[in-house]
Amino acid sequence: MTNLCVNVQVRKYKAIAEQKQKNGTEETGSTDEDDLQNGLDPHILDLQRDANRQISDLKFKLVKSEQEVTALEQNIIRLEGQVSRYKTSAEAAEKVEDELKVEKRKLQRELRSALDRIDELEASNSHLTKRLEKMKANRSALLAQQ
């Protein structure tokens, strides 16, 4: 180093030392001079600060992700409850549907039976009406002969 740089560093060290004496305590933050005295490169310190910042960011993201996972798990529990209720409701609806189908088949059988009975009664009625007409005709013919 040149004499000028050395003089500047000496002045810096003196100013730092005086400042520490005035405050009565050591500074918590490290300076370039302290770092050089401790054998630490400022570039390494920057890398360490970046790494610490990234660790903090990742810790924050981890906490946030854990919160999201918890929220999603709660949603899963809620949705599983809904699925269970809907499944029960669907099963009940299917049961009612099956019962209605059975009832419909029964009513259709009864309707066919009733329609068949109506056809039989209409045929019988027609037959009896024709017989009555014949009897009336025979009676009229007998009355006409007398």
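Arg49 has a relative accessibility of 42% and therefore counts as partly exposed, a class that lies between buried (under 20% relative accessible area) and exposed (over 50%), judged with a 1.4 Å probe and with protein chains only. The structure is a predicted model, in which local features need pLDDT of at least 70 and side-chain atom pairs count only at pLDDT 80 or more, while totals for chains, interfaces and linings use all residues. Residues are numbered from 1 along each chain as its sequence is written, and side-chain values use heavy atoms, with hydrogens and water left out.

**Overall build**

- The chain has three helices and zero strands, where helices (H or I, at least four residues) and strands (E, at least two) are DSSP runs numbered from the N terminus.
- Read along the sequence, these elements give the pattern α-α-α, and helix α3 covers residues 42-145.
- Of the 146 residues in the chain, 4% are buried.
- The chain exposes about 13,400 Å², of which carbon and sulfur atoms supply 55%; accessible areas come from the Shrake-Rupley method with a 1.4 Å probe, and for residues only the protein chains shown count as cover.

**Salt bridges**

- A search of the whole structure finds four salt bridges, each being a side-chain nitrogen of Lys or Arg within 4 Å of a carboxyl oxygen of Asp or Glu.
- One of them joins Asp46 to Arg49, with the closest N and O atoms 2.8 Å apart; the two residues are three apart in helix α3, which means that about one helical turn separates them.
- Asp46, like its partner, is partly exposed, and its relative accessible area is 39%.
- Another salt bridge links Arg53 with Asp50, where the closest N and O atoms are 2.7 Å apart, and here too the residues are three apart in helix α3, separated by about one helical turn.
- Within this pair, Arg53 is partly exposed with a relative accessible area of 48%, and Asp50 is partly exposed at 34% relative accessibility.
- Lys101 forms a salt bridge with Glu97, the closest N and O atoms being 3.8 Å apart, and both residues lie in helix α3, four residues apart, which is about one turn of the helix.
- Lys101 is partly exposed, with a relative accessible area of 41%, and Glu97 is also partly exposed, at 41% relative accessibility.

**Surface patches**

- Patches are made of residues with over 30% relative accessible area and no salt bridge, with like charges joined within 9 Å and nonpolar side chains (Val, Leu, Ile, Met, Phe, Trp, Tyr) joined within 5 Å.
- For the charged patches, Lys and Arg count as positive and Asp and Glu as negative, whereas His and the chain ends are not counted; the place of a charge is taken as NZ of Lys, CZ of Arg, CG of Asp or CD of Glu.
- A negative patch is formed on the surface by Glu91, Glu94, Asp98 and Glu99; among them, Glu94 has its place in helix α3 and is partly exposed at 48% relative accessibility.
- A patch of positive charge on the surface gathers Arg105, Lys106, Arg109 and Arg112; one of these residues, Lys106, is in helix α3 and is partly exposed, with a relative accessible area of 39%.
- Leu111, Leu115 and Ile118 make a nonpolar surface patch of about 270 Å², and Leu111 is found in helix α3.
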